[in-house]
Number of protein chains: 2
Amino acid sequence: MSYIDELGKKAKSAAKNSAMLSQSLKNDILATIAVMLENDRDEIKKANELDITAAHENNMAAAMVDRLTLTDARIDGMAEGVRQVAALPDPVGKILGGNTLPNGLTVIKKSVPLGVIGIIFESRPNVTVDAGCLCLKAGNTVILRGGSDAINSNKCLVGIMRAAAEKHGVNPDIVQLVENTSRDTATELMKANEYVDVLIPRGGGGLINAVIKNATVPVIQTGEGNCHVYVDRFADIDMAVDIVDNAKTQRPSVCNAIENVLVHKNIAEGFLKKLAERWNGNVTFVGDEASSAYITLEKIADDEDYRREFLDLKIAVKIVDDIDEAIAHINRFGTGHSECIVTEYLRNAEKFQREVDAAAVYVNASTRFTDGFEFGLGAEIGISTQKLHVRGPMGLEALTTFKYLVNGNGQTRG
Amino acid sequence: MSYIDELGKKAKSAAKNSAMLSQSLKNDILATIAVMLENDRDEIKKANELDITAAHENNMAAAMVDRLTLTDARIDGMAEGVRQVAALPDPVGKILGGNTLPNGLTVIKKSVPLGVIGIIFESRPNVTVDAGCLCLKAGNTVILRGGSDAINSNKCLVGIMRAAAEKHGVNPDIVQLVENTSRDTATELMKANEYVDVLIPRGGGGLINAVIKNATVPVIQTGEGNCHVYVDRFADIDMAVDIVDNAKTQRPSVCNAIENVLVHKNIAEGFLKKLAERWNGNVTFVGDEASSAYITLEKIADDEDYRREFLDLKIAVKIVDDIDEAIAHINRFGTGHSECIVTEYLRNAEKFQREVDAAAVYVNASTRFTDGFEFGLGAEIGISTQKLHVRGPMGLEALTTFKYLVNGNGQTRG
């Protein structure tokens, strides 16, 4: 039996119990995790220090090292996040519908946990606690497969979660870490259909595409955001500059930040000049030939530029003839995440929302609002860019499925 | 550009329109399809005759030839089925929820079509019309990839659906048939992520497993049913015989028929003898050693027998020590479809429904009721045995997703 098979078997066995934990017991475990994160912070930082040392030895980029680093403030943030998850309503056991059939059978549709969830992610140790606790809250068992860069931090954090479960008499295998971070274990996890119900990759496009390509386990695709703002001919230009500025620069590294601005030819000059003025050289433009008449481009944009997530202070510009060209461009290059039109013309607003194929389609607001907390879901395990199961921000409900309970008194089919 | 790429491109382009067809126009197209099926029946039967002749030349088994054959009654049945789909409520455009956020943004969650659906199926030409029309009703574009055995029938039927769309001024590419039925086109369709939003395989276990193994497009897994009845120690034995008889013999070839009966050791003798008496040699038993004391077995059952769908008048028997052994057996060998306990003891009924991991978990009723029509969904595109998106019978709603429409007046994130 392979290493992943062993983890999978333990996870499936633990899932029988995790699915039946009461709300209060799950919340007690979460509360204990929060306290232990705070109390064991020295141990956490010591483990994290090993990862940081290794990162420096491997010449990891500063931004990556920063993501990897666990400070006191970040540990406090993790603990606070766990308490917030505990405070959310339990998504399991909801009666979602039902009926009494003509033959007297009663059919009840009830929410239940998904079962065993595999999370494949990169080197952000905060994902370990965050994703682990969301899965637990929804009654699931979780197998966490983080990057090798964070292995010491992850071992320590998962150790805390397991110890918290044990303190409450619960099988610690409700949270397991894949400690062997070879490429093989990731691939095996993607094909562990016998044990794993759902895989959720969290990370960059490369990781997500590898999972989609290799997984036979059902996948929820998350987090790739090649988002656009289309500045319509009938836009309020000042509002458009504010929205584009916010959607690009407020936090450029996240998936709901925009990577492209499309602008109607009739207002391109006025808008682009104002935008360039606002940014004053702090954001790099690439763009089509036409736009080069009004702004300074780093280069003429090609399809690759329009397809790419810069995740940086860089934006691709395109001047379009009409709203149809804008919509066609978005449906071609977008990743189905968040798209926005700035317009005062009702018919164009409606057309854009109808025809753009994305999880969240905005009129006159920054795409930065596509977020589980902002949308009122209370939490977020990621933002789905696929159409099955869940689309857009995924709250706790996305970590559940349902079953039909059918009760009779001897009914047979005629 | 490959053949499948071409179909995919046309499908994606047509999906822009199909998603926006009004309810009444979609229903008009469906009504026209029904009329054309009736009026063009000679043409349909002539095309079908080609497939039947080829089937005989290839020495196809009689049961398979029967599935392939389109009689007048079956054509009437198809037309009637299309009219029933037309009469169902439209699943698109429903407002599923929404909110006004503290900053004044309104968020509306609205149901929309999935987009482009690929259906991969075997040689039942009725699936062509049935699946095609359900996809259309939900505003989707569909690529149908049936088996080569039914190619002439399918060409004719898809031709009718396309002509009906054209009659109403709608792009006929909302329904396309993969006319090249080589293995390569199936594999290509499974990897056409750029064009296809969802794949639904309809057919036997071999087909479904090939799709799961090879697809990179999200798949809805349907139709494998290794179902059980567990006859509890506290069962009404006459009711148990009725339920097992119905679930096994009323239509043995379908996925919600049972393949196994588990029985508590304390009542095994009485129950098994009564069951054998009821069946009087018409159903073949395989079973464990213990059961051979009470009934005549074809052979001692091994894991393969417990894992297999017989889809025939054959059943696997196992005598268990207690309900826990029954539940463990079901969760090990079952396919998550439909499972039943026969018992008068409330605590065992509840335990079984809580701990068995399946789409539909029954107390004291035949598993044969797991069906979109029986459950009141109005239609059925298949029965999902996976946990993402939809579980159990899939009605029209399962062929939709949703998008968030977010409306503001210049909101940016602070």
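**Strand pairing and the contact between chains A and B**

In chain A of this predicted model, strands E2(A) and E16(A) run antiparallel and are joined by 8 bridges, where two strands are taken to pair if DSSP finds at least two bridges between them, and where strands (E, at least two residues) and helices (H or I, at least four) are DSSP runs numbered from the N terminus. Within this pairing, A:Val107 stands opposite A:Val406 in E16(A). Strand E16(A) is also joined to a strand of the other chain, since 5 bridges link E16(A) to strand E12 (residues 360-365) of chain B, and these two strands run parallel. Along this second pairing, A:Asn407 stands opposite B:Val363, and A:Gln411 stands opposite B:Ala365.

Because the model is predicted, local features need pLDDT of at least 70 and side-chain atom pairs count only at pLDDT 80 or more, whereas totals for chains, interfaces and linings use all residues. Side-chain values use heavy atoms, with hydrogens and water left out, residues are numbered from 1 along each chain as its sequence is written, and chains are lettered from A and ligands numbered from 1 in the order in which they are written.

The contact between the chains (heavy atoms within 4.5 Å) takes 65 residues from chain A and 64 residues from chain B. The area buried between them is about 5,400 Å², of which carbon and sulfur atoms give 55%; buried area here is the accessible area, found with a 1.4 Å probe, that two parts lose on being put together, summed over both. Between chain A and chain B there are 6 salt bridges, each defined by a side-chain nitrogen of Lys or Arg within 4 Å of a carboxyl oxygen of Asp or Glu. B:Arg413 forms a salt bridge with A:Asp371, with the closest N and O atoms 3.8 Å apart.

The elements that give two or more residues to the side of chain A that touches chain B include helices H9 (205-214), H10 (237-249) and H14 (346-355), together with strands E2 (106-113) and E16 (400-411). Of these, E16(A) gives the most, with 11 residues. By class, this side of chain A has 31 nonpolar, 21 polar and 13 charged residues, where Ala, Val, Leu, Ile, Met, Phe, Trp, Tyr, Cys and Pro count as nonpolar, Asp, Glu, Lys and Arg as charged, and the others, Gly among them, as polar.
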